[in-house]
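Biologist: Could you teach me how to read this model, one feature at a time?

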Protein chains: 2
Amino acid sequence: MTEIEKTLENHQVRPTAMRILIYKYLAEKEIAVALTDIESAFAKAERTTLYRTLKTFEEKKIVHQIDDGTGISKYALCESGCNCEIDQDLHLHFHCNNCNETVCLTEHKIPQIKVPDGFVSENVNLVVKGICDKCSGQ
Amino acid sequence: MTEIEKTLENHQVRPTAMRILIYKYLAEKEIAVALTDIESAFAKAERTTLYRTLKTFEEKKIVHQIDDGTGISKYALCESGCNCEIDQDLHLHFHCNNCNETVCLTEHKIPQIKVPDGFVSENVNLVVKGICDKCSGQ
DNA sequence: ATAACTAGTGCAACAGAAGTGCATTTATTG
DNA sequence: CAATAAATGCACTTCTGTTGCACTAGTTAT
Ligand SMILES: [Mn+2]
Ligand SMILES: [Mn+2]
Ligand SMILES: [Zn+2]
Ligand SMILES: [Zn+2]
């Protein structure tokens with residue numbers, strides 16, 4: 001039993017062939033991926049299967065969904081530092097306006113945000129847009 | 001010539017009947033509205049016209065687009081405190097998980113966000129989710 | 001005022017992403 | 001092995017956003 005299989009089972013997800021492949025794909029990519037990315041990577045696989053795999057992964061906290069403002073949902077593997085179960089204290093995300101890639105800045109936590117009286121903050125989505133390290137030439 | 005007509009012309013937008021109506025609608029609403037909201041409010045009008053009106057308003061800085069994480073673009077009138085032309089120093093937005101409404105918190109500016117070396121921050125989207133003042137009972 | 005031009009609108013059609021229902025296959029368990 | 005549950009494949013739908021094109025209204029030059 002491989003590491004990946006163990007990880008999946010730890011999250012109550014049965015390690016099917018497709019799921020292992022998708023997990024591997026997500027692990028190799030260092031950026032957040034959209035369903036269409038996975039579709040292109042696994043051209044022979046069914047879209048629905050890929051879609052439902054992502055949904056399962058999300059539900060079981062294997063990945064977290066990222067709304068980077070492009071209108072397309074992206075997903076990235078949760079790491080140890082990823083408290084997305086708590087739905088709070090999340091890291092921020094960076095979207096590059098040049099290469100169009102979105103990355104998790106897991107080391108960068110979202111600061112405390114004040115809201116007006118009467119408003120109750122439950123969680124915060126923060127996306128920084130600009131030029132990523134690869135594109136800034138440095 | 002009414003106030004609204006003046007405002008539109010100040011932004012180089014010709015004040016047609018439809019545009020005045022939509023502007024009024026946006027001004028009366030205190031929340032961010034989606035295209036579908038406007039569609040329901042003006043059932044007799046063409047969807048495309050409403051769509052293009054919003055796009056024109058956005059381009060001419062009469063409204064700003066809001067990505068509240070629902071996957072549906074919302075729009076709200078720009079106010080004097082709305083520096084959306086500069087694409088920086090923007091106010092934050094609040095999305096209520098209960099009533100599903102999104103409001104501009106124009107008084108609440110987005111704090112300075114640090115990004116890692118090599119990354120260049122151009123602008124920031126910050127959406128707080130939780131319970132709004134109307135729904136929190138206070 | 002009329003002609004020429006430009007901007008706005010209405011209608012139809014399209015694209016992309018997301019989601020659902022159902023039959024079929026695969027895996028698990030008694 | 002039989003019964004059951006989970007996963008997959010296929011088809012189809014919905015929703016949002018977007019574009020092309022013809023027509024109309026409004027603006028400007030002669
Ligand atoms: Mn992330
Ligand atoms: Mn706003
Ligand atoms: Zn980049
Ligand atoms: Zn509310």
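Biologist: Which atom of DNA strand D lies 3.0 Å from a polar side-chain atom of B:Arg52?

Modeller: A polar contact is a pair of N or O atoms within 3.5 Å. Here, B:Arg52 has such a side-chain atom 3.0 Å from a base oxygen of DNA strand D. Phosphate oxygens turn up too: one is 2.8 Å from a polar side-chain atom of A:Thr16, and one is 2.7 Å from a side-chain N or O of A:Arg19. Bear in mind that this is a predicted model, where local features need pLDDT of at least 70 and side-chain atom pairs 80 or more, while totals for chains, interfaces and linings use all residues. Residues count from 1 along each chain as written, chains are lettered from A and ligands numbered from 1 in written order, and side-chain values use heavy atoms, without hydrogens or water.

Biologist: Which residues come nearest to DNA strand D?

Modeller: "Near" means a heavy atom within 4 Å. Of the 17 residues around DNA strand D, A:Arg14, A:Arg19, A:Thr49, A:Arg52 and B:Tyr51 come nearest. On the DNA side, sugar and phosphate make up 64% of the strand D atoms within 4 Å of the protein.

Biologist: Which helix gives the most to that surface?

Modeller: Helices are DSSP runs of H or I, at least four residues, numbered from the N terminus. The top contributor is α4(B), with five residues. At least two residues each come from α2 (17–28) and α4 (47–59) of chain A and from α4 (47–59) of chain B.

Notes:
A polar contact is a pair of N or O atoms within 3.5 Å; within protein, one must be able to donate a hydrogen and the other to accept it, and residues adjacent in sequence count only if both atoms are side-chain atoms.
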